[in-house]
Amino acid sequence: MKKAIAVILTLIAALSLAGCGTPEISHPYTQEYIAGQGNIQGDVNVESFLAASEDFAIGADENGKAVFKDPIKALDTLKELYAPELKRVQEHNGLGSLTYSNYPSYALATMEPEGTLNEEDLERMLFVGSFFDIYENSFE
């Protein structure tokens, strides 16, 4: 009986974790992002993202939209390097911890930074908002 309960609990845990996995990338990086060339859309400042971290390397999908070359690594790095900004958004908007599945809530919340921010904090919040603009291009 104890074995059966243990097996059931293990299955329940495995199924609940399956919903928390990494998302399927719908629009992967297929070409270099060079503004104004070919079918590239927009004018993303690729260098500003690379200056923050090489994990924020930007390419373009088949439609020319800017995407992170490795969106999973990019989000993990964002969570590490921009933890204070993400915590501010989380607390101000009553959000759970940032995950692959709830990033759209964070993207909406960072559109208009609330409260009094000094210039450096405002720049960091705007970077987080720009990050999500690109990050969401990889998913439907």
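This passage describes the fold, the sheet, helix α6, the nonpolar core and two individual residues of a predicted model.

The secondary structure of the protein chain consists of 6 helices and 3 strands. Read from the N terminus, these elements follow the order α-β-α-β-β-α-α-α-α. Of the 140 residues in the chain, 31% are buried. Among contacts with a separation of 6 or more, 60% are made by residues 24 or more positions apart.

The 3 strands form an open sheet, arranged β1-β2-β3, with antiparallel pairing. The edges of this sheet are β1 (31-32) and β3, each of which pairs on one side only. Strands β1 and β2 are joined by 2 bridges, and Q31 has A60 in β2 as its bridge partner. Helix α6 packs on the sheet, where it touches β2 and β3, and the direction of α6 makes about 100° with that of β3.

Helix α6 covers residues 119-135. For its 17 residues, a rise of 1.5 Å a residue predicts a span of 24 Å; the end C-alpha atoms lie 24 Å apart, so the expected and modelled values agree. At the start of the helix, a side-chain oxygen of N118 comes to within 3.1 Å of the backbone nitrogen of E120. The buried residues of α6 are M125, F127, V128, G129, F131, F132, I134 and Y135. Their cover includes strands β2 (58-60) and β3 (66-68), together with helices α2 (46-52), α3 (71-81), α4 (83-93) and α5 (103-109).

The largest nonpolar core contains 30 residues, and those touching the most other members are F56, F68, L78, F131 and F132. Two or more residues are contributed by each of α2, β2, β3, α3, α4, α5 and α6. The greatest contribution is that of α6, which supplies 7 residues. Contacts of F68, leaving aside neighbours within four places in sequence, are made with Y29, F49, F56, A57, I58, A74, F131, I134, Y135 and S138. Of these partners, F131, I134 and Y135 are among the buried residues of α6.

Helix α3 also has a buried set, formed by P71, I72, A74, L75, T77 and L78. The elements covering these residues include β3, α4 and α6. One of the buried residues, T77, is touched by S53, as is L81, when residues up to four places away in sequence are not counted. S53 itself is located in the loop between α2 and β2. The relative accessibility of S53 is 13%, under the 20% limit, and S53 therefore counts as buried. The side chain of S53 also reaches the backbone nitrogen of D55, at 3.0 Å.

A contrasting case is found in helix α5, which contains L108. L108 counts as exposed because its relative accessibility is 62%, over the limit of 50%. The C-alpha atoms of L108 and G129 are 8.3 Å apart in space, although the two residues are separated by 21 residues in sequence. G129 belongs to the buried residues of α6.

Key. Residues numbered from 1 in each chain as written. Predicted model: local features only at pLDDT ≥ 70, side-chain atom pairs only at ≥ 80, totals over all residues. Heavy atoms only, no water. Helix = DSSP H or I, 4+ residues; strand = E, 2+ residues; numbered from the N terminus. Expected span 1.5 Å × (residues − 1). Buried < 20%, exposed > 50% of the residue type's maximum accessible area, 1.4 Å probe, protein only. Contact = heavy atoms within 4.5 Å. Polar contact = N/O pair within 3.5 Å; in protein donor to acceptor, adjacent residues only side chain to side chain. Core = buried A, V, L, I, M, F, W, Y, C linked by side-chain atoms within 4.5 Å. Pairing = 2+ DSSP bridges. Axes fitted to C-alpha atoms, helices over the stretch in contact; angles between N-to-C directions.
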